[in-house]
Amino acid sequence: NWTTGNIVEEQVERIRGQIGDSRVICGLSGGVDSAVAAALVQRAVGDQLTCVFVDHGLLREGEAEQVERDYVAATGVKLHVANEQQRFLSALAGVTDPETKRKIIGREFIRAFEAAEKAVLAEAAAEGESVKYLVQGTLYPDVVESGGGEGAANIKSHHNVGGLPEDLQFELVEPLRTLFKDEVRAVGAQLGLPAEIVGRQPFPGPGLGIRIIGEVTQERLDLLRKADAIARAELTAAGLDQEVWQMPVVLLADVRSVGVQGDGRTYGHPIVLRPVSSEDAMTADWSRLPYDLLARISNRITNEVDGVNRVVLDVTSKPPGTIEWE
Ligand code: XMP
């Protein structure tokens, strides 16, 4: 009889067996997989684990705090935070091409993670310890997708910002390797992780960096974060956040249109809502959200977010559109 309680117990035993009394490191992305994997390892070996969170400044409102405050409070995990917002902004300055953005974000992420990793290794060395293991939140579908062999965990490493470079000096610990996503969420809930992390919908590793169509700047990130927070809050208030697969909110930073607000003409940016329904993100359909909900989101965003004077709805399926705009 397979319960989440069994899964936790069995994995904790297995992890203890693998790691012994060595030190172990884990990157947290803000997503559910790395959060649950790290929580299992923490449960198994406590302070032998150090988590690293690279804050690239491209997360949505509240997500960095969910990791740095709520997740730490829930798990007691030892966390090393790398505040790298400036690094990413500088690297992205002047860049508009989507693939170039993705490459830059992936490259800077690896650099930032390696710098943080060095600091953690140095700390351990100062205590006469060495870090031998690295935790990865590889799921069963990832294992299957990549042929199931050893090293499968690295296939997605450049796709996922939670991922890592390939010249690993570590042995991998992969406590989610036999689990599906819904089981991972159940295990996360069982471990008492914050609901926002356990229930989080898919979110791309490059984050808001690929939801600003045009150059990424601090000002645009702030604007998009506000609009996205409003859209998500209203979707949740309508009780539809679990029904919708995900709802990217996109800023068309290079487009402006004329509007009228109060007693004046505006020349602002459009925000795109991209709610989709899907089984696996390979194909998707646009979600038929209630008009009242769309109206509330639109009213609030145009009223509350300076610089936005229009909200539009993406009614394209995948294919031909992808879920994300970049
Ligand atoms: P597309 O836009 O290709 O997205 O239809 C399919 C799914 O993948 C997510 N996505 C990403 N996830 N790193 C990720 O971890 C990425 O670079 C990335 N790009 C897209 C997207 O949100 C959707 O769920």
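1. A good place to start is the register between β2 and β3: D55 has N83 in β3 as its bridge partner. This is a predicted model, so please read the pairing as part of a prediction. The two strands, β2 at residues 49–55 and β3, run parallel and are joined by six bridges.

2. That pair belongs to an open sheet of five strands, ordered β3-β2-β1-β4-β5 and paired in parallel. Which strands stand at the edges? They are β3 (78–83) and β5 (171–173); each has a single partner strand, so one side of each has no neighbour in the sheet. On average, neighbouring strands here are turned by 30 degrees against each other, with direction ignored. As a reminder when you look at the side chains, those of a regular strand alternate between the two faces of the sheet.

3. Next, a helix pair to inspect. Two packed helices are described by the angle between their axes and the distance between the axes. For α4 (residues 85–92) and α5 (residues 98–126), the angle is about 145 degrees and the axes are 10 Å apart. The crossing of α4 past α5 is right-handed.

4. Which residues make that helix contact? From α4 come R87, F88, A91 and L92, and they meet K101, I104, I105, E108 and A112 of α5. By class, the contact of α4 with α5 holds six nonpolar and three charged residues, with no polar ones.

5. On the overall layout, the protein is divided into domain 1, covering 4–198, and domain 2, covering 211–313. Between the C-alpha centres of domain 1 and domain 2 there are 29 Å. Where they touch, domain 1 contributes eight residues and domain 2 contributes eight residues. The side of domain 1 that touches domain 2 is mixed in class, with three nonpolar, three polar and two charged residues.

6. For the strand pairing further along the chain, β7 (residues 249–252) is a handy reference. Strand β6 (residues 212–213) runs parallel to β7, and two bridges join them. With β9 (residues 264–273), β7 pairs in the antiparallel sense, over three bridges. Residue L251 is worth a click: L251 in β7 is the bridge partner of I212, and L251 in turn has I271 in β9 as its bridge partner.

7. What surrounds the ligand? Twelve residues do, and the closest are P204, G205, T322, I323 and E324. Sorted by class, the shell around the ligand has five nonpolar, five polar and two charged residues.

8. A few backbone details deserve a second look. Most residues other than glycine have a negative phi, and most peptide bonds are trans. Against that background, A281 has a positive phi, near 75 degrees, although A281 is not a glycine. You will find A281 in the loop between β10 (276–277) and β11 (285–286).

9. The last point concerns two cis peptide bonds. The bond from K318 to P319 is cis, with omega near -15 degrees, and the bond from P319 to P320 is cis too, with omega near 10 degrees. P319 lies in the segment after β12 (308–313), and P320 is also placed in the segment after β12. I would be glad to hear what you make of this stretch.

Key:
Residues are numbered from 1 along each chain as its sequence is written. This is a predicted model: local features need pLDDT of at least 70, side-chain atom pairs count only at pLDDT 80 or more; totals for chains, interfaces and linings use all residues. A residue is near a molecule or strand if its C-beta atom, placed from the backbone, lies within 6 Å of it. Ala, Val, Leu, Ile, Met, Phe, Trp, Tyr, Cys and Pro count as nonpolar, Asp, Glu, Lys and Arg as charged, and the others, Gly among them, as polar. Axes are lines fitted to C-alpha atoms, for helices over the stretch in contact, and angles run from 0 to 180 degrees between N-to-C directions. Helices (H or I, at least four residues) and strands (E, at least two) are DSSP runs, numbered from the N terminus. A crossing is left-handed if the near helix is turned anticlockwise from the far one by less than a right angle, and right-handed if clockwise. Two residues are in contact if their C-beta atoms, placed from the backbone, lie within 7 Å. Two strands pair if DSSP finds at least two bridges between them. Domain bounds come from an automatic or database domain assignment.
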